[in-house]
Amino acid sequence: MTADEKYMKQALTQAKKALLIGEVPIGCVIVFHDREKGERVIGRGYNRRNTDQSTLSHAEMTAIKKASRALGDWRLEECTLYVTLEPCQMCAGAIVQARIPRVVIGAMNPKAGCAGSIYNLLEEPRFNHQVETERGVLEEACAAVLKRFFTDLRIRNKLNKQALQEEEWEET
């Protein structure tokens, strides 16, 4: 197992925490590359938008905040960010602003991804910082967690709609 796979598995563990609370299962970990002590995880996060009622509660944003706190600096220049789903425009912007040099992505997001799908903020040459990007690490596992969530959500929504229709029918 490569280091990228090892840390992506940890990001998947974070995604599963989101799944357990009914959130879209996206997970993130940030690894600090310490020249003296070696690699260590300094930030973890999972999607909590609905739970926190905040557009800012994305996995990457939470992990960046924790990593910055751990290092005592907003610059995360000696870090790699691992995320199970391609970052959106907000998270990609935060990654660039945090000066994270490398991002490893599990599954791509053709509807909202800004690391190559819709746009590529991470490697935009007009910014003062570009991010080395690795895509497709444990892609099948990352995509499977998301697919399961959305399949289950469609089933729940269908059942809820049927139950509401039955209640309305019984009331008439």
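Guide: Let's begin with a term: a residue is buried if its relative accessible area is under 20%, exposed if over 50%, and partly exposed in between, using a 1.4 Å probe and protein chains only. This is a predicted model, where local features need pLDDT of at least 70 and side-chain atom pairs count only at pLDDT 80 or more, while totals for chains, interfaces and linings use all residues. Residues are numbered from 1 along each chain as its sequence is written, and side-chain values use heavy atoms, with hydrogens and water left out.

Visitor: Which residues of strand 4 are buried?

Guide: A quick word on names: helices (H or I, at least four residues) and strands (E, at least two) are DSSP runs, numbered from the N terminus. Strand 4 spans residues 102–107. Six of its six residues are buried, so strand 4 is largely enclosed by the rest of the structure. Strand 3 is mostly covered too, with seven of its seven residues buried.

Visitor: How do I read a sheet, and what is the order of the strands in this one?

Guide: Strands of a sheet pair through backbone hydrogen bonds, either parallel or antiparallel. Two strands count as paired if DSSP finds at least two bridges between them. Here, five strands form an open sheet in the order 2-1-3-4-5, with mixed pairing. At the edges are strand 2 (38–46) and strand 5 (132–135), each of which pairs on one side only. From one strand to the next, the twist averages 20 degrees; for such angles, axes are lines fitted to C-alpha atoms (for helices, over the stretch in contact), and angles run from 0 to 180 degrees between N-to-C directions.

Visitor: Do let me trace the pairs. How many bridges join strand 1 to strand 3?

Guide: Five, and those two strands run antiparallel. Phe-32 stands opposite Cys-79 in strand 3. Strand 3 and strand 4 also have five bridges, but in the parallel sense. Look for Leu-81 opposite Val-103, and for Leu-85, whose bridge partner in strand 4 is Ala-107. Strand 4 and strand 5 run parallel and are joined by four bridges. Val-103 turns up again here, with Thr-133 as its bridge partner in strand 5.

Visitor: Which helix packs on the sheet?

Guide: Helix 3 (residues 59–71) does, touching strand 1 (27–34), strand 2 and strand 3 (79–85). Contact means heavy atoms within 4.5 Å. The direction of helix 3 makes about 135 degrees with that of strand 2. Now find helix 4: Cys-91, Ala-92, Ala-94, Ile-95 and Val-96 are buried there. The buried residues of helix 4 pack against helix 3, strand 3 and strand 4. Just after helix 4, Arg-99 has a positive phi of about 65 degrees.

Visitor: Is His-58 buried or exposed?

Guide: His-58 is buried, with a relative accessible area of 14%. His-58 sits in the loop between helix 2 (49–52) and helix 3. Leaving aside neighbours within four places in sequence, its contacts include Tyr-46, Asn-47 and Met-90. His-58 and Met-90 are 32 residues apart in sequence and 9.2 Å apart in space, C-alpha to C-alpha. Compare Arg-156 in helix 5, which is partly exposed at 40% relative accessible area.

Visitor: How is empty space found, and what volume has the largest pocket?

Guide: Rolling a probe the size of a water molecule over the atoms shows where empty space is left. On a 1 Å grid over the protein atoms alone, a cavity is a set of points where a 1.4 Å probe fits but cannot get out, whereas a pocket is an open set with protein on both sides within 12 Å along at least five of seven lines; lining residues have an atom within 4 Å of a point. Grid points are joined across faces, edges and corners, and a volume is the space filled by probe spheres set on the points. The largest pocket has a volume of about 550 Å³. Of its 23 lining residues, the closest to the centre are Val-24, Ile-26, Leu-85, Asn-109 and Leu-146. Helix 5 (139–171) is one of the helices that supply at least two lining residues, and the largest share, four residues, comes from helix 5.

Visitor: What classes do the residues of that lining divide into?

Guide: Ala, Val, Leu, Ile, Met, Phe, Trp, Tyr, Cys and Pro count as nonpolar, Asp, Glu, Lys and Arg as charged, and the others, Gly among them, as polar. The lining of the largest pocket divides into 14 nonpolar, four polar and five charged residues. The second largest pocket holds about 160 Å³ of space, and its lining has two nonpolar, three polar and three charged residues. Helix 3 gives the most to that second lining, with three residues.
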